[in-house]
Each structure stands twice: as C-alpha cells, then as structure tokens.
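Thank you all for coming; I would like to walk you through one structure this morning, beginning with its empty spaces and ending with a few single residues. Please keep the sequence and the view of the structure open while I talk.

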Amino acid sequence: MKYAELHIDHDPKVTGIKYGYSPGFFSPSFRKLNPKIDEFIFGEDIQNYKKGIIPDFDLSLHGLELDPPAKHTDFIGIMGPFRGFVISTKVKELIAKFHLPPHRFYPVTFHQKNRKTKQVQEVIGYWWLYFTMETGEKNINFAESEFYYERKYLDYKPVINTYEDYMQITDKVGKAMSAKKLVFNSNFDQQQDLWGTCYLSNTNYISPRLYEAFIENKITGYQIFMPCCKLIATV
C-alpha cells in the first residue's frame with residue numbers, strides 16, 4: 001500500500017489562528033488539576049507515552065484550552081509534545097471503520113473564551129485518538145533501511161543492522177536518527193490505514209482509502225503530503 005503523511009493543517013484560513021500555531025494547549029491550571037496526565041505526557045520518563053502504550057489509568061482531557069479565534073475543525077492541533085490526534089466525533093465514527101493499530105479514543109472538551117463577552121464556552125464533541133507507534137523493533141529491516149547521518153553520529157561510525165544497533169546509537173548521541181528509507185519485513189501489517197513512528201521519522205501515515213474517505217466526508221483541519229521517508233515493504 002502506498003502511504004502519505006498525515007499532518008494537522010495550520011493554515012490560518014482553516015484554523016482561524018494567526019502565525020500558524022496550534023489552537024489547543026495544556027494550560028498550567030489543567031496540568032495542575034490532572035497530575036497523572038501531566039506526568040504521563042510531560043514527565044521525565046515519557047517513553048511509554050512516546051510509544052503510544054495505553055496507560056493503566058483513565059484519561060479524560062476535560063478543560064483543554066482553545067484559543068478564542070479558533071475554528072471548530074474536525075482535526076484540532078495541540079501545542080506541545082502531543083501524540084495522536086484530537087478529532088471530532090464525525091472523524092471518530094468514520095475512522096473506527098478502518099484498520100488501525102492498537103488504540104483508544106479518550107473524550108476531549110475544550111474551554112474557549114469569547115473575545116467580546118469574556119465568557120468561557122465549553123466545546124464538546126471531540127476525542128483524543130491515541131495509538132501505538134511503530135518503533136521498528138519487530139517490523140523494520142534495519143540492515144536494508146537508510147538513515148540521515150548528521151555529523152554527531154559520524155564520531156561513532158555507526159553500523160546499523162538491528163533495532164538494538166539503532167537504539168544503542170540513539171542512547172549514545174541522545175537523539176534518534178531519522179530514516180530516509182524504511183524497509184519493512186513480513187511482520188509489518190500492510191493493511192493498516194493509519195500508523196505512526198516513534199523514533200524513525202516521528203511522522204503519521206495514512207492509506208489512500210482512508211484519505212479518500214476524508215475527502216468524501218469533507219473532513220477539515222488536516223493536510224496530506226507525500227512522505228519524505230521512502231517506505232518499502234518486503235515479504
């Protein structure tokens with residue numbers, strides 16, 4: 001299957017927000033009232049969060065801040081190290097019909113202040129789609145894949161034939177290497193309609209059939225790009 005990259009659309013004409021930044025964010029008050037969520041997403045040990053591992057406690061993102069001029073698009077961008085997507089109920093019902101990696105839908109409500117009256121409106125009908133990310137540990141052929149070697153990596157003269165080689169260099173340098181070509185082995189589920197990588201490209205990918213469904217249903221707030229990283233499947 002030929003995948004494309006799925007991104008949040010930051011065009012001010014689409015979002016209503018100038019300068020192209022995300023309209024949603026975790027306010028200090030939200031983080032203080034939700035210490036478990038705060039630790040899970042922003043804590044020192046956030047590897048489980050980065051990998052999309054489902055936590056052992058309930059997540060309810062009630063009271064995320066939404067900038068006053070923000071439009072209520074089907075995809076809403078969230079500032080910070082956010083994984084997954086905040087989507088409307090319309091997208092949730094649509095995407096649930098497709099083949100996804102292990103995932104959960106968590107309820108989201110926004111607090112959005114009216115610029116004129118200063119009253120806070122509660123915006124409902126949104127969900128956090130949080131899903132397991134591809135690490136490459138079982139599904140990537142590292143020996144045949146290719147990576148961008150920045151100068152800092154060359155000091156280690158890395159030879160990457162396995163996932164362990166890749167993670168060893170990542171730990172030494174303190175930054176994961178981005179892939180310019182990912183070669184999948186036979187373990188990879190090529191029928192997935194949405195998936196993302198944890199380290200390898202930090203990108204989410206969408207299938208043509210899901211993209212077509214977005215177009216047919218006039219979904220808003222997202223962008224599609226041809227992948228920067230070449231994706232090759234082998235059996």
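The largest pocket holds about 460 Å³ of space, and I should say at once that what we are looking at is a predicted model. Its lining is made up of 22 residues, and those that lie nearest the centre of the pocket are Gly 80, Phe 82, Arg 83, Gly 84 and Asn 204. If you sort the lining of this largest pocket by class, you get eleven nonpolar, nine polar and two charged residues. Strand S1, residues 4-8, helix H4, residues 47-51, and strand S5, residues 85-88, each give at least two residues to that lining, and the largest share, three residues, comes from S1.

The second largest pocket has a volume of about 310 Å³, and of the 19 residues that line this second pocket, Pro 102, Thr 132, Met 133, Glu 134 and Asn 139 are the closest to its centre. Here the classes divide into six nonpolar, eight polar and five charged residues.

Let me turn from pockets to enclosed space. Rolling a probe the size of a water molecule over the atoms shows where empty space is left. When the whole structure is searched, one cavity of 30 Å³ or more is found, and the space in the largest cavity comes to about 30 Å³. Which residues line the largest cavity? They are Ile 8, Asp 9, Thr 15, Pro 23, Thr 73, Phe 75, Ile 76, Gly 77 and Gly 221, and by class this lining has four nonpolar residues, four polar ones and one charged one.

Phe 75, which we have just met in the cavity lining, leads us on to the packed interior. In soluble globular proteins, nonpolar side chains tend to be buried together. In this model the largest nonpolar core has 43 residues, and the members that touch the most others are Phe 75, Tyr 166, Leu 194 and Phe 214. Helix H7, residues 163-173, supplies the largest share of this core, five residues. There is also a second, separate core of 25 residues, and among its members are Ile 37, Phe 40, Leu 61 and Tyr 126.

If we set aside the neighbours of Phe 75 within four places in sequence, the residues in contact with Phe 75 include Leu 6, Ile 8, Phe 85, Val 86, Ile 87 and Val 91, and also Phe 214, Ile 219 and Tyr 222.

Two helices show how such burial is arranged. In helix H3, which covers residues 35-42, the residues Ile 37, Phe 40 and Ile 41 are buried. Looking down the axis of H3, you find the buried residues within an arc of 85°, and so they line one face of the helix. They pack against helix H2 (28-33), H4, strand S3 (61-66) and strand S7 (120-131).

In helix H8, the buried residues are Leu 210, Ala 213 and Phe 214. Seen down the axis of H8, these buried residues fall within an arc of 105°, so they too line one face of their helix. The elements that cover them include S1, strand S4 (75-76), helix H5 (89-95), S10, strand S11 (204-206) and S12.

After H8 comes Lys 218, whose phi is positive, near 55°. Most residues other than glycine have a negative phi, and most peptide bonds are trans. Lys 218 sits in the loop between helix H8 (208-216) and strand S12 (222-225). Is Lys 218 buried or exposed? With a relative accessible area of 66%, Lys 218 is exposed.

Tyr 19 is another residue to look at, since although Tyr 19 is not a glycine, it has a positive phi of about 70°. Tyr 19 lies in the loop between helix H1 (12-15) and strand S2 (24-25), and at 75% relative accessibility Tyr 19 counts as exposed.

Finally, please find Gly 196, which lies in strand S10, residues 194-196. At 1% relative accessibility, Gly 196 counts as buried. Leaving aside neighbours within four places in sequence, Gly 196 is in contact with Phe 131, Met 133, Glu 134, Thr 203 and Asn 204. Two of these names have come up before: Met 133 is one of the residues closest to the centre of the second largest pocket, and Asn 204 is one of those nearest the centre of the largest pocket.

Definitions and conventions:
Residues are numbered from 1 along each chain as its sequence is written. This is a predicted model: local features need pLDDT of at least 70, side-chain atom pairs count only at pLDDT 80 or more; totals for chains, interfaces and linings use all residues. Side-chain values use heavy atoms; hydrogens and water are left out. On a 1 Å grid over the protein atoms alone, a cavity is a set of points where a 1.4 Å probe fits but cannot get out, and a pocket is an open set with protein on both sides within 12 Å along at least five of seven lines; lining residues have an atom within 4 Å of a point. Grid points are joined across faces, edges and corners, and a volume is the space filled by probe spheres set on the points. Ala, Val, Leu, Ile, Met, Phe, Trp, Tyr, Cys and Pro count as nonpolar, Asp, Glu, Lys and Arg as charged, and the others, Gly among them, as polar. Helices (H or I, at least four residues) and strands (E, at least two) are DSSP runs, numbered from the N terminus. A nonpolar core is a set of buried Ala, Val, Leu, Ile, Met, Phe, Trp, Tyr and Cys residues joined through side-chain atoms within 4.5 Å. Buried means under 20% relative accessible area, exposed over 50%, partly exposed in between (1.4 Å probe, protein chains only). Contact means heavy atoms within 4.5 Å. The arc is that of the directions from the helix axis to the C-beta atoms.
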